[in-house]
Amino acid sequence: MSETSSEVLSEIRGKVGFITLNRPKALNALSLGMVRELRRVLEAWKSDPAVLAIAIRGQGKEGPFGAFCAGGDIRFLHQAASDGHPAVEDFFTEEYQLNHLTHHLGKPYIAFMDGVVMGGGMGISQGASMRIVTEKTKMAMPETGIGLFPDVGGGYFLSRAPGHVGEYLALVGNIITGGDAIAFNLADGLLPAAQQQAVWDGLAGDFASAEAIEGYVRQHWVAADSPASARRADIDRIFGLPSVKAIIDTLEQEGQAGNAWAQETAQTLRKRSPLMLHVVLEQIRRGRNMTLAQDLRMERDLVRHCMFLRPERQKNSETLEGIRALAVDKDQNPQWKPARIEDVDAAEVAAFFESPWPAIAHPLAMLK
């Protein structure tokens, strides 16, 4: 049995439901229609006893795999937010509902995270019981570079990385490898890219149980190296400091003393939105003590502040400016306000964490 929408392909073969994100020219960036179709399919298969497990992959430009999902459709978000179109509100509410659902399917959910896995792609894969990466995986949560924050549950799953890796990945937004993802608790096993199709096809076999399906997948995993782990001591020591200013000061001091990694990391942070760096550090540290549902509600509040809440700041939205510079005008020269980490107002950061809704009327009040 198979069902097809142009951007999300779904079918049941054997005892497994198969999903392929099918927007390869956009690296499978999520549209509102894709979010709705994914939720529809997952809800149906969650309650179907004939479906023992669910597998998801992305369509690459040269065939299946090669790219999982590059995130949300930021050009759509920029245009809709600039126009005040309600669809952008719907997008975040429904995307976060989908993120929550992936953590609560009650059966194996197997994500083939080949190629680019960023932003919204992390949101639909981090809830998987089997998060599979390859030697070609390029994973990141790069939102501070567009004046946003690592949403889709980022405050929850990044904060549960070992040590202070979560703060590092959230603030800096650097790409990590599949091996790094495993070491940082953002993936479970590495499958050679060349074997993905065979393992995918093999999932349609006659399995007696969900456990047998998981065992079949796991037997194909291989050992993985983690280049970023060589910096764990520095990451934990510096990104565990109490403030963004303390982090950047330490990185710049050590960079001047000859630490090339510290110098490069400081230079990267200086390119990110200063305001959102402060917001993100607070987000990750709050998220560490939250349930997923609580974190998603916090993030829904944050995105409202980023894009919609204060009309007098609409033209100064860090998010709209960041997307403009990266994806619309492509001048790579965002005009952040304030321009320097040292000039961020603590009161403005605190305002991001004030919910614009009473608890009973929150768009994600139903999440448990």
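**Exercise 1.** Which side chain meets Arg300 in a salt bridge? Say where the two partners sit along the chain, and whether they are buried or exposed.

*Solution.* A word before we start: the model is predicted.
- Step 1: the partner of Arg300 is Glu89, and the N to O distance is 2.4 Å.
- Step 2: this pair links distant parts of the chain, with Arg300 in helix H14 (residues 292-307) and Glu89 in helix H3 (residues 87-102), 211 residues apart.
- Step 3: both Arg300 and Glu89 are buried.

**Exercise 2.** Find the salt-bridge partner of Arg23, then place both residues among the strands and helices.

*Solution.*
- Step 1: Arg23 and Glu7 join their side chains in a salt bridge at 3.7 Å, N to O.
- Step 2: here too distant parts of the chain are linked, since Arg23 lies in the loop between strand S3 (16-21) and helix H1 (32-46), while Glu7 lies in the loop between strand S1 (2-4) and strand S2 (8-13), 16 residues apart.
- Step 3: Glu7 has a relative accessible area of 25%, so it counts as partly exposed.

**Exercise 3.** Take the salt bridge between Arg324 and Asp331 and classify each partner by its accessible area.

*Solution.*
- Step 1: the side chains meet at 2.6 Å, N to O.
- Step 2: buried means under 20% relative accessible area; Arg324, at 17%, is therefore buried.
- Step 3: Asp331, at 38%, is partly exposed.
- Step 4: looking beyond this pair, Glu252, Arg270, Arg340, Glu342 and Asp343 form one network through salt bridges that share partners.

**Exercise 4.** How many salt bridges does a search of the whole structure find?

*Solution.* The search gives 25.

Definitions and conventions:
Residues are numbered from 1 along each chain as its sequence is written. This is a predicted model: local features need pLDDT of at least 70, side-chain atom pairs count only at pLDDT 80 or more; totals for chains, interfaces and linings use all residues. Side-chain values use heavy atoms; hydrogens and water are left out. A salt bridge is a side-chain nitrogen of Lys or Arg within 4 Å of a carboxyl oxygen of Asp or Glu. Helices (H or I, at least four residues) and strands (E, at least two) are DSSP runs, numbered from the N terminus. Buried means under 20% relative accessible area, exposed over 50%, partly exposed in between (1.4 Å probe, protein chains only).
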